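User: Could you zoom in on one helix for me and say which way its residues face? I'd also like a single residue from elsewhere to put beside it.

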Amino acid sequence: MKAVGYKKSLPIEDANALIDFEAAKPEPTGRDIRVAVKAISANPVDYKVRKRAAPPEGETKILGYDAAGIVDAVGPDVTLFKAGDEVFYAGSILRQGTNAEFHLVDERIVGKKPKSLSFAQAAALPLTSITAWELLFDRLGAVPHGAGFPLTSNPRAQMLRDLYHVRDDSTLLITGGAGGVGSILIQLARRLTGLTVVATATRPESQKWCLELGAHAVSDHSQPMKEQIEKLKVPPVALVASLTFTDQYYKAIADFIAPQGKFGLIDDPPEFTVSAFKGKAVSIHWESMFTRSSFQTPDMIAQHHLLNDVSDLLDKGVLRTTLDQTFGTINAANLKRAHALLESGKSRGKIVLEGW
């Protein structure tokens, strides 16, 4: 089968940073399904792994996490899917990736592809949807409710109501709102909660993007943030989703976040001192969407249910795809372009590649 991977950690400008090669078609066992990959999207984790994790000598590492495709074969213990089902998912960081014609993935982290979306539109969503959903609801404790939520009797939603008491009359601040995670997080918070949603973005086109997705207001994180928040006259900032450059902004945010607020982050800040939040008893919450699959947690199947909920919301028109650009067929040259744009920090929404 065709695949794209790398043998050494190299700058994206290097001719061998990503290479096209042929790999053996994998066989599913256990709860694995084999997916004929139709479309993928690129994420910052792709280039971070490429730059930091060189494969063993003589091996080729296949990157890629987001995918949409058709189930081709199933392992003997599979109960959730059958051959011919259309699916979308974000894979595991511990296994070979989705930049291949056929890919093995545990059924417990796979969802049904939205019927109303193309494979390309669907491939833009899994990793960022899981990250945004888990950050907002599982980590920060907001509770999905209202007509937009497809499963009002969902036991996960009831568990959240029992465990957390996040008031809707407060503000969620999303730093880096125009990126992949921010683009879906804005929608989830606006459509499924009563929170006031303030996103940050610097470029005019990025600010417009955030507003179109549903943010009540947008501030510029390159300018003093406290003064901008005060001018907006929004409810207290009780929740913060820090999606990028946390080390640059967290001290400023600590100055205006509400007492007993919640600060969530997904990036890898080179410097982060939690004592900045001690005086206000602000809790710190890390989100990594690979935790459940990496550690085979008892609630690993929650991501299957989560993706199915997102799929329903997309088919109902409550959410929209965050696909921004398509970079052509899945090959090394096009993936290098995608990595380069992501590394520049100037992308918005998601970059998708489709077909072989």
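Analyst: **A helix with two sides**

Let's start on the outer side of helix H8 (246-256; helices are DSSP runs of H or I, at least four residues, numbered from the N terminus): Gln 248 and Lys 251 are exposed there, meaning over 50% relative accessible area with a 1.4 Å probe and protein chains only. Keep in mind that this is a predicted model, where local features need pLDDT of at least 70. Residues are numbered from 1 along each chain.

Now turn H8 around. Thr 246, Tyr 249, Tyr 250, Ile 253, Ala 254 and Phe 256 are its buried residues (under 20%). Why do they count as one side? Because they span an arc of only 155° around the axis, going by directions from the axis to the C-beta atoms. An α-helix has 3.6 residues a turn, so residues three or four places apart point the same way.

So what sits on top of them? Among the covering elements are helix H7 (225-232) and three strands (DSSP runs of E, at least two residues): E9 (171-175), E12 (237-242) and E13 (262-265).

For the single residue, take Ile 351 in strand E16, residues 350-354. Ile 351 has a relative accessible area of 2%, so it counts as buried. Beyond its neighbours within four places in sequence, Ile 351 has contacts (heavy atoms within 4.5 Å) with Ile 40, Ser 41, Ala 42, Gln 325, Phe 327, Ala 338, Leu 341 and Leu 342. Val 318 sits 33 residues from Ile 351 along the chain, and their C-alpha atoms are 22 Å apart.

Notes: This is a predicted model: local features need pLDDT of at least 70, side-chain atom pairs count only at pLDDT 80 or more; totals for chains, interfaces and linings use all residues. Side-chain values use heavy atoms; hydrogens and water are left out.
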